[in-house]
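User: Please take a close look at how side chains are arranged in this model, going from the surface patches to the charged pairs and then to the aromatic pairs. I would like each assignment traced back to its distance, angle or accessibility, with a cut-off quoted where the reasoning needs one.

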Amino acid sequence: MSLLRKAGRVPAAYESGFAAHREGVERLLASYRAIPPDATVRLAKKTSNLFRARAANPAPGLDVSGLDRVIAVDADARTADVAGMTTYEDLVAATLPYGLAPLVVPQLKTITLGGAVTGLGIESTSFRSGLPHESVLEIDVLTGGGEIITAEPAGEFADLFRGFPNSYGTLGYSTRLKIELEAVKPYVALRHVRFHDLGELERAMDRVVTERTYLDEPVDYLDGVVFTAEESYLILGRQTDESGPTSDYTGMDIYYQSIRHDGPGPKRDRLTIHDYLWRWDTDWFWCSRAFGTQNPRIRRLWPQRYRRSSFYWKLVALDRKYDIGDRLEARKGNPPQERVVQDIEVPIERTAEFLHWFLDEIPIEPLWLCPLRLRERRPAAGTGRVWPLYPLEPERTYVNVGFWSAVPTTPGAPEGAANRRIEDRVARLDGHKSLYSDSYYDEDEFGRLYGGDIYPDLKKRYDPDHRLLDLYAKAVQRR
């Protein structure tokens, strides 16, 4: 139970939001009690941003229908209480009228706050604000044992607070999160800086992360795109109050194509803060090209309301269900495709090395780059590693590399051959990869990378009867 409710001090302005939230929590608990004791507990979700298959579950799922709204925004304190299944689209819509935004807003509108915390998230503020779970102040969790507890950075449940990120619902599900917000200005001025050498890109990115400026101009947002070893870009954003013309990439123009140029200096652009936060969603980065929507003739006829990641994801689900892509490839005499949909992190000084290897070995482009540093410089006393299930080193810069496509399979090769090679290369470079998609680690390697020395104790304390799946079973064995 949250501290406000324990103390009976819910501000009057927020009472209706908390009352509706309490009703949602009661429905959630009732649905938990209705699941047979020997059945695996899962969410009853119709949609997902995960790209790994999972086994069918005959038992009814948890009813989270009442946990999909912003409960309250405290503009003075710059905080928000948010139900766990609230999408970032709804969260941003509630905070922007106050001139506020979450410290990290993942790129796709239907990612939920609870999902970004338990499954990690990243964006162009991560070089200064870390990952979404680092701006969580407290979190209510329905544990595998059926209790709802409030976990905070210190206190009785600090181990759950630290272990919840990257647990993917195997320790429990968030019902409410209290998060920090930051002030934002109405516009973002952009500079697209081209590089002809990946080593130069790496060094420039490292300087920007450290200095938070580029050519004497502040940098508030930082990500990048690699098209080839000879054409890559850093995208530098600066918040501004200055009014002026803004671009629109929800219509015929396509955002990722707009950054490309041949000139020696930066190419400049300007977006509203709202459109900047969702700049990648309209075309799902560049993945909409798989559906033909970047063809101008098709784009004119494609309803604008369907130019969004959530709709493209439905098309992907249909493809997976009916093997549409592989059937089309078979008609051309081509082998089936292996899905390579991944986000990995490597230390910044190994970025160019990884990119060169990837471009030589894996036929996928473009690639997305997003540098990150943990906000917290060192663990609190007695807590061990900062976030044990995804143990990045404090005071070290990493670069997320995202690539989302498919490659031809090779007859006789093991399942997931390309993904296995990527996992091996990332591990050699002292990196990690996110677990939202297919993984092929053996159990020992998985434990080494994802908190295997700490996770069993967390599991024993918060899911003693194993009502929830184990992390390895969920992420690798795809149960």
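Analyst: **From surface patches to paired side chains**

In this predicted model, Leu318, Tyr322, Ile324 and Leu328 make a nonpolar surface patch of about 360 Å². Two elements, α11 (309-322) and α12 (324-331), each give two or more residues to that patch. Leucine 328 belongs to helix α12, and its relative accessible area of 44% makes this residue partly exposed. Since patch members must have over 30% relative accessible area, the 44% of leucine 328 satisfies that requirement.

A second patch carries charge: Asp442, Glu443, Asp444 and Asp470 form a negative patch on the surface. Aspartate 470 is placed in the loop between α16 (455-462) and α17 (471-475). With a relative accessible area of 31%, aspartate 470 is partly exposed, and because the patch rule asks for over 30%, this value of 31% is enough for membership. The rule also admits only residues with no salt bridge, which leads on to the charged side chains that do have partners.

Side chains of opposite charge can pair when their charged atoms come close. The count of salt bridges in the model comes to 27. One of them joins the side chains of arginine 176 and aspartate 81, with an N to O distance of 2.6 Å. Because arginine 176 sits in strand β6 (residues 172-183) and aspartate 81 in strand β2 (residues 79-83), this pair ties together parts that are 95 residues apart in sequence. Arginine 176 is buried at 1% relative accessible area, and aspartate 81, at 4%, also counts as buried.

Arginine 176 has a further partner, since its side chain meets that of glutamate 138 in a salt bridge, again at 2.6 Å from N to O. Here the tie runs from strand β6, which holds arginine 176, to strand β4 (residues 136-143), which holds glutamate 138, so parts 38 residues apart in sequence are brought together. Glutamate 138 counts as buried, with 8% relative accessibility. These two contacts belong to a wider arrangement, in which Asp81, Glu138, Asp140, Arg176 and Lys178 are linked in a network of salt bridges.

Another salt bridge has one exposed and one buried partner. Aspartate 262 pairs with arginine 194, and the closest N and O atoms are 2.9 Å apart. Because aspartate 262 is found in the loop between α8 (255-258) and β12 (267-272) while arginine 194 lies in strand β7 (residues 187-195), the pair ties together parts that are 68 residues apart in sequence. Aspartate 262 is exposed, at 69% relative accessible area, whereas arginine 194 has 19% and is classed as buried. That last assignment rests on the cut-off, because buried means under 20% and arginine 194 stands at 19%.

Turning to the rings, the count of aromatic pairs is 29. In one of them, phenylalanine 358 and phenylalanine 403 have ring centres 4.4 Å apart and planes at 45 degrees, so the pair is tilted. Phenylalanine 358 is part of helix α13 (residues 351-361) and phenylalanine 403 part of strand β15 (residues 398-408), so this contact ties together parts that are 45 residues apart in sequence. Phenylalanine 358 is buried, with a relative accessible area of 0%, and phenylalanine 403 is likewise buried at 0%. Phenylalanine 446 and tyrosine 450 make a further tilted pair, with 4.9 Å from centre to centre and 40 degrees between the planes. Stacked pairs need planes under 30 degrees apart and edge-to-face pairs over 60, so an angle of 40 degrees leaves this pair in the tilted class. Phenylalanine 446 is buried at 4% relative accessibility, and tyrosine 450 is buried at 1%.

Elsewhere, Phe227, Tyr233, Tyr249, Tyr255, Tyr256, Trp280, Phe285, Trp286, Trp368 and Trp404 form one aromatic cluster.

Strand β15, which holds phenylalanine 403, also contains valine 407. Valine 407 is buried, with a relative accessible area of 4%. Its C-alpha lies 6.7 Å from that of proline 363, although the two residues are 44 positions apart in sequence.

Conventions:
Residues are numbered from 1 along each chain as its sequence is written. This is a predicted model: local features need pLDDT of at least 70, side-chain atom pairs count only at pLDDT 80 or more; totals for chains, interfaces and linings use all residues. Side-chain values use heavy atoms; hydrogens and water are left out. Patches are made of residues with over 30% relative accessible area and no salt bridge: like charges are joined within 9 Å, nonpolar side chains (Val, Leu, Ile, Met, Phe, Trp, Tyr) within 5 Å. Accessible areas come from the Shrake-Rupley method with a 1.4 Å probe; for residues, only the protein chains shown count as cover. A salt bridge is a side-chain nitrogen of Lys or Arg within 4 Å of a carboxyl oxygen of Asp or Glu. Lys and Arg count as positive and Asp and Glu as negative; His and the chain ends are not counted. The place of a charge is taken as NZ of Lys, CZ of Arg, CG of Asp or CD of Glu. Helices (H or I, at least four residues) and strands (E, at least two) are DSSP runs, numbered from the N terminus. Buried means under 20% relative accessible area, exposed over 50%, partly exposed in between (1.4 Å probe, protein chains only). Rings of Phe, Tyr and Trp (its six-membered ring) pair if their centres lie within 6.5 Å; planes under 30 degrees apart count as stacked, over 60 as edge-to-face and the rest as tilted.
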